[in-house]
Amino acid sequence: MTASAGPKRGRGRPPRRNLVAVVSIVVLSGAFFGYDQGVISGALRDIRQTFHADTFAVEVAASWVTPGALVGALLGGHLADRIGRRGALWVAAATFAVGTILQATAPVIGVMFGARLILGLGIGVASVAGPMYAAEAAPERIRGSLLAVYQFSTTFAIFIGYLADELFEAGNSWRYLLVAAALLGVALTLVTTVIPDSAVWYFGRGDRRRAEASLRATVPERNVPQRLHAIEESLSAGKAGWREVLSPQWRRPLALGVGMALFQQLTGINGIIYYADEIFSSAGFHTPQAQLAATTWAIGGVDSLFTLVAVAFLDRLGRRPLLLVGLLGMAVSLVVVSISFARMAPAARTAGATGHHPTDAGIFLLIGVVMFVAFYAMSIGPTAWTVINEIFPGRIRGRCVAIASATHWGTEYLITQFFLSMLDALGRSGVFALFAGTCVLGFLFVWRYLPETKGRTLEQIQQMWQTDARARRPHRADDRSVGTA
């Protein structure tokens with residue numbers, strides 16, 4: 001009896017250490033951007049003083065990570081298809097480590113600019129290769145939660161970066177805080193050496209033996225033959241070119257992935273983060289130290305805590321329910337923020353910033369912000385990455401995930417770059433009302449176009465799109481039975 005128990009357990013579940021390695025890859029890939037974003041927010045003042053930089057130079061130093069990440073995301077899809085998901089992660093780790101070391105040791109501001117671009121390249125490649133690897137390696141029953149860990153690691157790393165800024169304010173500590181990020185690159189390199197590449201990539205190169213070994217590392221033994229057959233069928237047409245990526249057959253999942261990336265950013269999260277000091281000043285946090293502490297806990301802490309809701313429930317409730325509830329909650333929260341700004345007279349904002357008690361509108365403003373961050377963290381923040389990495393067929397996944405990820409980074413850059421111009425044109429209340437309207441559009445987009453993918457294998461999701469494409473064709477005598485299936 002004892003002898004037979006072991007094989008049954010082995011056939012029913014994959015080796016735990018391999019799943020831990022997959023989780024580690026996702027965590028480290030997300031932490032690349034999160035830690036940098038958290039630490040750089042507090043380091044900018046010291047960077048200005050160290051290099052005697054003007055406002056424009058400081059803005060470039062802060063923002064150039066994002067266009068670097070956009071280019072890195074586009075390269076990441078190509079690298080993931082050419083040298084493997086694991087090879088792309090090695091490139092990301094090395095590039096990220098080089099960038100962090102260069103920015104921490106930069107003798108002049110120009111070197112800092114170049115270092116931030118290199119750092120962004122590593123972040124962009126990791127944002128494609130890390131979640132893609134996890135999507136292909138994870139059992140379908142935990143795939144959503146595993147991919148949500150990417151967003152959790154990003155938000156938690158931001159939180160850690162905020163805390164580090166609070167704890168280490170004096171002298172040249174900013175250089176040590178920046179160079180510490182190189183340890184993340186080293187850790188990712190080490191983790192990827194103990195686990196094989198994804199079965200999808202091995203099969204695409206005609207290596208069935210390694211594909212089977214890769215599946216055995218992360219999938220229960222009894223599911224391996226079925227998954228192998230499904231992967232073989234999904235890749236049977238060979239490697240896809242850009243023409244097929246943009247073909248009508250895959251137009252719907254590509255539009256869905258790009259749409260999820262757009263709405264993740266256009267719903268206002270970076271506006272909230274960018275304007276956090278003014279919000280907390282209006283709510284009664286009078287000093288820069290108090291505002292930093294409020295940002296750390298009310299945004300960083302709440303974001304991390306509620307992302308765990310998505311990790312816990314994505315594979316239980318599904319993608320659609322969390323997205324629909326979250327987007328509706330975000331819209332209501334931003335309406336509260338918009339009305340609060342509209343009701344706050346300039347004198348009231350000045351009173352809140354100079355030491356008087358916060359106004360009622362200031363309190364409601366703070367409540368609206370915290371609600372928005374909570375709903376974002378439990379819904380589109382992590383779920384967008386889950387959907388983007390599971391809806392594309394294996395033959396075109398690398399290129400399609402790259403397009404969607406580049407959309408994410410490009411939109412984030414545009415929002416950050418033009419947020420002040422939007423404030424000048426629409427005012428505080430108008431900008432957040434606009435973001436509330438975008439949340440409503442996101443709700444309608446998800447309601448209309450996103451199918452539920454909970455519990456489906458990647459190959460079953462691919463078959464779903466193929467069946468849908470056949471059903472949308474004009475019915476002919478030879479395919480009528482297929483189209484109505």
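How far apart do the axes of helix H18 and H21 come, and at what angle do they cross? Keep that question in mind as you open the viewer.

This is a predicted model, where local features need pLDDT of at least 70, side-chain atom pairs count only at pLDDT 80 or more, and totals for chains, interfaces and linings use all residues. Residues are numbered from 1 along each chain as its sequence is written, and side-chain values use heavy atoms, with hydrogens and water left out.

**Stop 1: H18 and H21**

Select residues 319–343 for H18. Then add residues 380–390 for H21. Helices here are DSSP runs (H or I, at least four residues; strands are E, at least two), numbered from the N terminus. The two axes come within 10 Å and cross at roughly 140°. Axes are lines fitted to C-alpha atoms, for helices over the stretch in contact, and angles run from 0 to 180 degrees between N-to-C directions. H18 passes H21 in a left-handed crossing. Left-handed means the near helix is turned anticlockwise from the far one by less than a right angle; clockwise is right-handed.

Now show side chains. On H18, pick Arg319, Leu323, Leu327 and Met330. They meet Ile380, Thr383, Thr386, Val387 and Glu390 in H21. Contact means heavy atoms within 4.5 Å. Colour this contact by class: five residues are nonpolar, two polar and two charged. Nonpolar covers Ala, Val, Leu, Ile, Met, Phe, Trp, Tyr, Cys and Pro; charged covers Asp, Glu, Lys and Arg; the others, Gly among them, are polar.

**Stop 2: H21 and H22**

Keep H21 selected. Add H22, residues 397–449. H21 and H22 pack at about 155°, with axes 9 Å apart. That angle makes H21 roughly antiparallel to H22. The cut-offs are under 35 degrees for roughly parallel, over 145 for roughly antiparallel, 65 to 115 for roughly perpendicular, and oblique for the rest. H21 brings Trp385, Ile388 and Asn389 to the contact, and H22 brings Arg397, Val401, Ala404, Ser405 and His408. By class, the contact has four nonpolar, three polar and one charged.

**Stop 3: H3 and H6**

Select residues 55–63 (H3) and 109–137 (H6). Their axes lie 8 Å apart, at an angle of about 25°. So H3 is roughly parallel to H6. The crossing is left-handed. Look for Ala57, Val60, Ala61 and Ala62 in H3, which meet Ile109, Met112, Phe113 and Arg116 in H6. Seven residues of this contact are nonpolar, none is polar and one is charged.

**Stop 4: the cavities**

Turn to the empty space. A cavity is a set of points on a 1 Å grid over the protein atoms alone where a 1.4 Å probe fits but cannot get out; a pocket is an open set with protein on both sides within 12 Å along at least five of seven lines; lining residues have an atom within 4 Å of a point. Grid points are joined across faces, edges and corners, and a volume is the space filled by probe spheres set on the points.

How many cavities of 30 Å³ or more are there? The count is two. The largest holds about 220 Å³. Its lining has 18 residues; Phe33, Gln37, Gln151, Thr154 and Tyr376 lie nearest its centre. H7 (143–167) is one of the helices that supply at least two lining residues. H7 gives the largest share, five residues. The lining divides into eight nonpolar, eight polar and two charged.

The second largest cavity holds about 50 Å³. Select its lining: Gln37, Thr155, Ile158, Tyr162, Ile273, Ile299, Gly300 and Asp303. H7 and H17 (288–317) each give two or more of these residues.

**Stop 5: the second largest pocket**

Finish with Ala230, Glu233, Ser234, Glu459 and Gln460, which lie nearest the centre of the second largest pocket. Its volume is about 360 Å³. H12 (224–234) and H23 (458–472) each supply at least two lining residues. H12 gives the most, with six. Three lining residues are nonpolar, 11 polar and six charged.
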